[in-house]
Amino acid sequence: PSPDEEVQNRFEIEEMRDALQFLTDEQQQVLILRFISGLSTENVAEIMEKREGAIRALQMRALQTLSKYMMEKEAI
């Protein structure tokens with residue numbers, strides 16, 4: 001990547017770290033396991049000892065919170 005792309009990538013990662021702080025610990029864990037570790041909903045449910053429906057709900061609420069945070073940040 002070019003230096004400009006590198007800076008933009010770092011900026012976006014920093015923004016995401018800031019946004020993650022608005023999530024509960026469980027929401028953070030679900031997103032990390034699903035999107036960073038690449039695990040299935042079924043595997044995440046086993047790890048977190050929850051039902052798959054609960055994992056999907058946690059994931060949905062986490063993504064909604066992140067989306068709202070990012071939209072509000074852009075409005076500033």
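## Tyr 69 and its aromatic partner

Tyr 69 counts as buried, at 16% relative accessibility, because the limit for that class is under 20%. The model discussed here is a predicted one.

The aromatic pairs in this model come to a count of one. Its members are Phe 22 and Tyr 69, in a tilted arrangement with 4.9 Å from centre to centre and 35 degrees between the planes. Phe 22 belongs to the loop between helix H1 (3–20) and H2, while Tyr 69 belongs to helix H4 (residues 52–75), so the contact ties together parts that are 47 residues apart in sequence. Phe 22 has a relative accessible area of 54% and is therefore exposed, since that class begins over 50%.

## Nonpolar surface patch

Ile 32, Phe 35, Ile 36 and Leu 63 make a nonpolar patch on the surface, of about 400 Å². The most is given by helix H2 (residues 25–36), which supplies three residues to the patch.

Ile 32 is found in helix H2. Ile 32 has a relative accessible area of 39%, so this residue is partly exposed. That value is compatible with a place in the patch because patch residues need over 30% relative accessible area.

## Charge over a ring

Phe 35, one of the patch residues, also takes part in a contact with a charged side chain. The charged end of Arg 34 sits over the ring of Phe 35, at 5.7 Å from the centre of that ring.

Conventions. Residues numbered from 1 in each chain as written. Predicted model: local features only at pLDDT ≥ 70, side-chain atom pairs only at ≥ 80, totals over all residues. Heavy atoms only, no water. Patch = residues over 30% accessible without salt bridge, like charges linked within 9 Å, V, L, I, M, F, W, Y side chains within 5 Å. Areas by Shrake-Rupley, 256 points an atom, 1.4 Å probe, with all protein chains shown as cover. Salt bridge = Lys/Arg side-chain N within 4 Å of Asp/Glu carboxyl O. Helix = DSSP H or I, 4+ residues; strand = E, 2+ residues; numbered from the N terminus. Buried < 20%, exposed > 50% of the residue type's maximum accessible area, 1.4 Å probe, protein only. Phe/Tyr/Trp six-rings, centres within 6.5 Å; stacked < 30°, edge-to-face > 60°. Lys NZ or Arg CZ within 6 Å of the ring centre and 35° of its normal.
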